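Work through the exercises below with the sequence and the model side by side, and try each task before you read its solution.

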Amino acid sequence: MGDEELVRAWREAEREPGAVVLDGFHALKHALRFGGDVRRVLTVDREALLALAAELAEDVVPALEGLALEVPEAVVRGLVSRVHPTGVIGLAVRPPAEANLAALAERPRRSPVVLLENPRNLGNVGAVIRLAAGFGATGVVTTGDLDPWHPNVLRGSAGLHFATAVERLTLPQLPAGPLYVLDPEGTDIRDLSFPDDALLAFGTERYGVSEELKVRADHLVAVPMRPGVSSFNLATSVGMGLFHWMSGSKR
Ligand SMILES: C[S@@+](CC[C@H](N)C(=O)[O-])C[C@H]1O[C@@H](n2cnc3c(N)ncnc32)[C@H](O)[C@@H]1O
């Protein structure tokens, strides 16, 4: 296939519903490793890409051997705004919402679902998805108008959207489970532990948790702070919440 044809095929695949761009080696590696439906891979140096994979992620070498096609850097530059230092881009299709919703609804749930209420910062959401994947959380649910599959969120998660269930829902659609709302006004987190089927909820960056969410809470929980500090950053709060769950978990 010539370069022009490759570009045409890429553009066509990009228009498919649920298509997402994987920018750079780490995003691509995670998508492949966690069963993402990766359709196309373009690289400026196929030999270097396979050598990098052999060094850092041997498990994805066979998939890359089958998928990676080499094109001049100018071709990649024409498809994405900036060529990643690893010189590779991939195109995947996100898992169907039905599959994610089924994973979120599964009972008994063996690990928490993180809820971000109306998050505003794409980088924060990506960092939270990366944390959730690392801790083995069941999923990350967002409310509000931000798309948790936005390319910048996917960049922030290093492609770890494929390792946990990421969906946007409304409050009435939340999966079942005891709701622990993290809020600086809550009771001391050290006085309780989070069960495996908890919904761990966090408020929007500037304004915190809404009244609507507080009313639904089974527990309002705070990580104590030194006087004068008003709050922690959203993603670091999620990290502390998930670490607290993991620390109390018997496994
Ligand atoms: C940047 S904070 C929001 C700040 C907001 N002005 C407030 O007072 O809640 C974003 C979210 O992180 C969580 N958070 C931040 N600091 C926390 C703390 N000390 N204890 C519990 N949750 C916290 C809460 O869920 C909060 O809504």
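A polar contact is a pair of N or O atoms within 3.5 Å, and this cut-off is needed in the first exercise, which, like the others, concerns a predicted model.

**Exercise 1.** Find which residues surround the ligand most closely, and decide which backbone atoms make polar contacts with the ligand.

*Solution.* Begin with the surroundings: 18 residues surround the ligand, and the closest are Leu-182, Gly-203, Arg-206, Val-223 and Phe-232. Next, take the oxygen atoms of the ligand, where one distance to a polar backbone atom of Gly-203 is 3.0 Å, while a polar backbone atom of Leu-182 is 2.6 Å from a ligand oxygen. Then turn to a nitrogen atom of the ligand, which lies 2.9 Å from a backbone N or O atom of Phe-232. Finally, consider the ligand's surface: on its own the ligand has 560 Å² of accessible area, of which the protein covers 87%.

**Exercise 2.** Describe how helix 2 and helix 3 pack against each other.

*Solution.* First locate the helices, since helix 2 spans residues 25–33 and helix 3 spans residues 46–56. Their axes are 12 Å apart and make an angle of about 60°, and the crossing is right-handed. Now list the partners: Phe-25, His-26 and Arg-33 come from helix 2, and they meet Leu-49, Leu-52, Ala-53 and Leu-56 of helix 3. Sorted by character, the residues of this contact are five nonpolar, one polar and one charged.

**Exercise 3.** Examine the backbone at Pro-108 and at Asn-118.

*Solution.* Start with Pro-108, in the loop between helix 6 and strand 5, where the peptide bond from Arg-107 is cis, with omega near -5°. Continue to Asn-118, in the loop between strand 5 and helix 7; Asn-118 has a positive phi of about 45°, although it is not a glycine.

Terms used: Residues numbered from 1 in each chain as written. Predicted model: local features only at pLDDT ≥ 70, side-chain atom pairs only at ≥ 80, totals over all residues. Heavy atoms only, no water. Axes fitted to C-alpha atoms, helices over the stretch in contact; angles between N-to-C directions. Helix = DSSP H or I, 4+ residues; strand = E, 2+ residues; numbered from the N terminus. Left-handed = near helix turned anticlockwise from the far one by under 90°. Contact = heavy atoms within 4.5 Å. Nonpolar A, V, L, I, M, F, W, Y, C, P; charged D, E, K, R; others polar. Near = heavy atom within 4 Å. Polar contact = N/O pair within 3.5 Å; in protein donor to acceptor, adjacent residues only side chain to side chain. Areas by Shrake-Rupley, 256 points an atom, 1.4 Å probe, with all protein chains shown as cover.
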